[in-house]
Amino acid sequence: VNQAAQELPEVSFVLIGSGELARTRLKKLSNIYLLGRRKYGDLPAYLHNADVGIIPFDVAGHPELVHGVHPLKLYEYLACGLPVVSVEWEELKNINSPAILCQTADQFAQGVADVVKQPHDMEAYVRYAAGQDWSSRIKTISDFLEVE
């Protein structure tokens with residue numbers, strides 16, 4: 001996020017959540033906004049005004065934690081019609097989502113830059129998210145186990 005914010009001073013990076021670690025690791029740049037916690041019911045308004053959803057997990061610093069995460073935030077962003085730029089980890093590669101997956105800070109910054117400049121197929125994002133409900137998960141598991 002630091003590198004992307006430095007390279008893209010015209011882009012505002014608005015982060016919501018408790019994130020004490022973010023407060024210590026993020027630089028005090030004029031385009032990084034740490035809003036802290038917000039009420040769950042208020043989040044759609046923030047997402048409605050966003051251009052991109054980011055998932056900037058620290059895979060290198062916390063590999064066991066990140067590799068154990070299923071990306072619910074990804075589905076929330078996509079359900080709102082937002083394109084997503086994320087660091088890459090195994091689970092994200094395996095689910096074949098429309099997110100832009102990045103392995104380096106340079107790729108992350110470039111992904112954000114590309115996304116904010118291009119029109120998007122918001123309907124495709126919403127369709128992908130809609131296909132990730134529990135009924136589709138149960139079908140995948142049933143098919144794998146060959147259960148009817």
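Which residues form a nonpolar patch on the surface? Select Val14, Ile16, Tyr33 and Tyr46. Together they have about 330 Å² of accessible area. Keep in mind throughout that this is a predicted model.

**Stop 1: strands E1 and E2**

Stay with the patch and show strand E1, residues 13-16. Its side chains alternate. Phe13 and Leu15 point to one face and are buried. Val14 and Ile16 point to the other face and are not buried. Those two belong to the nonpolar patch.

Now add strand E2, residues 32-36, where Tyr33 is found. Tyr33 has 36% relative accessibility, so it counts as partly exposed. E1 and E2 run parallel and are joined by four bridges. To see how they line up, pick Leu15: it stands opposite Leu34 in E2.

**Stop 2: the three-stranded sheet**

Next, select E3, E4 and E5. These three strands form an open sheet, in the order E3-E4-E5, with parallel pairing. The edge strands are E3 (53-55) and E5, each pairing on one side only. From one strand to the next, the twist averages 15 degrees. Strands of a sheet pair through backbone hydrogen bonds, either parallel or antiparallel.

Zoom in on E3 and E4. Strand E4 covers residues 84-87, and three bridges join it to E3. Which residue in E4 does Ile55 stand opposite? Select Ser86.

**Stop 3: a salt bridge across the sequence**

How many salt bridges does a search of the whole structure find? Three. Start with Arg25 and Asp58, whose closest N and O atoms are 2.9 Å apart. Arg25 lies in helix H2 (residues 20-25), and Asp58 lies in the loop between E3 and helix H4 (63-67), so the pair ties together parts that are 33 residues apart in sequence.

Colour the two by accessibility. Arg25 is partly exposed, with a relative accessible area of 46%. Asp58 is partly exposed too, at 24%.

**Stop 4: the Glu88, Glu90 and Lys93 network**

Move on to Glu88, Glu90 and Lys93, which are linked in a network of salt bridges. Select Lys93 and look at its partners. The Glu90 and Lys93 side chains meet at 3.1 Å, N to O. The Glu88 and Lys93 side chains meet at 3.9 Å, N to O.

Show helix H6 next. Glu90 and Lys93 both lie in this helix, three residues apart, about one turn. Glu90 has a relative accessible area of 40% and is partly exposed. Lys93, with 40% relative accessibility, also counts as partly exposed. Glu88 is partly exposed at 22%.

**Stop 5: the loop after H6**

Follow the chain out of helix H6 (90-95) into the loop that leads to strand E5 (100-102), and stop at Asn96. What is unusual about the backbone there, given that Asn96 is not a glycine? Asn96 has a positive phi of about 50 degrees. Is Asn96 buried or exposed? Its relative accessibility is 64%, over the 50% cut-off, so Asn96 counts as exposed.

**Stop 6: the cysteines**

Finish with Cys80 and Cys102. How many disulfides does the structure hold? Zero. Compare the surroundings of these two residues. Cys80 has 37% relative accessibility, so it counts as partly exposed. Cys102 has 3%, under the 20% cut-off, so Cys102 counts as buried.

Technical notes:
Residues are numbered from 1 along each chain as its sequence is written. This is a predicted model: local features need pLDDT of at least 70, side-chain atom pairs count only at pLDDT 80 or more; totals for chains, interfaces and linings use all residues. Side-chain values use heavy atoms; hydrogens and water are left out. A disulfide is a pair of cysteine sulfur atoms within 2.5 Å. Buried means under 20% relative accessible area, exposed over 50%, partly exposed in between (1.4 Å probe, protein chains only). Patches are made of residues with over 30% relative accessible area and no salt bridge: like charges are joined within 9 Å, nonpolar side chains (Val, Leu, Ile, Met, Phe, Trp, Tyr) within 5 Å. Accessible areas come from the Shrake-Rupley method with a 1.4 Å probe; for residues, only the protein chains shown count as cover. A salt bridge is a side-chain nitrogen of Lys or Arg within 4 Å of a carboxyl oxygen of Asp or Glu. Helices (H or I, at least four residues) and strands (E, at least two) are DSSP runs, numbered from the N terminus. Two strands pair if DSSP finds at least two bridges between them. Axes are lines fitted to C-alpha atoms, for helices over the stretch in contact, and angles run from 0 to 180 degrees between N-to-C directions.
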